[in-house]
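Trainee: I would like to take a close look at one part of this structure, going through it slowly and in a connected way.
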Amino acid sequence: MQTTGTAPEQPADAESRRLELEERVAADPAAFRIMTGDRPTGALHLGHYFGTLANRVRLQRAGVELFVLVADYQVLTDRDIVENLAGHVEGLVADYLAAGVDPSTATIFRHSAAPALNQLMLPFLSLVSISELSRNPTVKDEIAGSRQAAVSGLMFTYPVHQAADILFCKANLVPVGRDQLPHQEITRTIARRFNERYAPVFPVPDALLSETPLLLGTDGRKMSKSRGNAIALSATEDETARLIRRAVTDEERHIAYDPGARPEVSNLVLLAALCQGRDPHEVAEEIGSGGAAALKRTATEAVNEFLRPLRARRAELAADRAYLRDVLAEGDARANALAERTLTEVRAAMAT
């Protein structure tokens, strides 16, 4: 069996590739189909918004076809039981729509409603080795943070399931954060190997890196729903203020934007800058010697001002559960029909 064959992209290479893809999308957006999504384990937060969600909306508005997966089966990758799944699914759809995803052109759907998609895992698993899966750094990180007493097979094969998510609709562009690049490379490997072994059925999708740097949580670690360090899009203004007041900073009074030397302070500066649409160095200079208190006050005001219209729209959507279910039902039907067609092509190519 072939190896993945490509070395990890260096930062300069990844940035060059991102700019190239952005130029191609701007020139011909209709030539691209995006697949992206989230697990319904709780409300989306600011890390999701600036990392991927805003990018999805931007690309959809530019004319790119958008598929958004509510990955309900993958909730089980790192936990033994599923709690309030239906509520989290509807909440996720409300977050998408409040952020600007247009359901009239986007396909928002669930794993559980597209059985043909999940069947693609079987042939795809035959195209990767155990060693390739076991050395995936993203899988290692997810295993380390797992809530399960023992690592499940679903966790181990998570990248292959993700490949099925992307390839069932023949997506050729996948917006990701840098930490998701190893998963994306496995998808590319599976697409190439299937095409070489059987028939040219799948595109080899490109990863479109986010331009936004990684946002840390209020405790200085990666922002995550499970770590309780994230500011949810649906949080109240008081909840937001309380979370930011508890945020980790440092003892130096003068505020500067220096992510390498002062990551926690720089993270709050970046958060305020993103919400205000400004350069973080400018925000830091404006706060100057005001210290952590002034920084947290600036960040709180910026976040609450930015999220106010989104939160109002989300509250309206959450109150209309019938509409959210209709959006899902329509997306489920479109996705399942496409998955069936792709599975038929795969079976024909494999002569099964």
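Which residues line the largest cavity, and how does helix H12 sit in its surroundings?

Mentor: This is a predicted model, and the largest cavity in it is lined by Leu 216, Gly 217, Thr 218, Asp 219, Gly 220, Ala 247, Val 248, Glu 264, Asn 267 and Leu 268. Its volume is about 50 Å³, and its lining divides into four nonpolar, four polar and two charged residues. The count of cavities of 30 Å³ or more comes to two, and the second largest holds about 30 Å³ of space. That second largest cavity is lined by Leu 216, Gly 217, Thr 218, Met 223, Ile 231, Asn 267, Leu 268 and Leu 271, a set that divides into five nonpolar, three polar and no charged residues.

Turning to the helix, H12 covers residues 263-276, and because each residue should add 1.5 Å, its 14 residues should span 20 Å, which agrees with the 20 Å between its end C-alpha atoms. H12 is mostly covered, with 10 of its 14 residues buried; among them are Asn 267, Leu 268 and Leu 271, and these residues also appear in the lining of the second largest cavity. The buried residues of H12 further include Val 265, Ser 266, Val 269, Leu 270, Ala 272, Ala 273 and Cys 275. The buried residues of the helix pack against four helices, namely H2 (46-62), H11 (237-245), H13 (280-287) and H14 (291-318). After H12 comes Gly 277, whose phi is positive, near 70°.

How values were computed. Residues numbered from 1 in each chain as written. Predicted model: local features only at pLDDT ≥ 70, side-chain atom pairs only at ≥ 80, totals over all residues. Heavy atoms only, no water. Helix = DSSP H or I, 4+ residues; strand = E, 2+ residues; numbered from the N terminus. Expected span 1.5 Å × (residues − 1). Buried < 20%, exposed > 50% of the residue type's maximum accessible area, 1.4 Å probe, protein only. Contact = heavy atoms within 4.5 Å. 1 Å grid on protein atoms, 1.4 Å probe; cavity = no way out; pocket = protein on both sides within 12 Å on 5 of 7 lines; lining within 4 Å. Points joined across faces, edges and corners; volume = space filled by probe spheres on them. Nonpolar A, V, L, I, M, F, W, Y, C, P; charged D, E, K, R; others polar.
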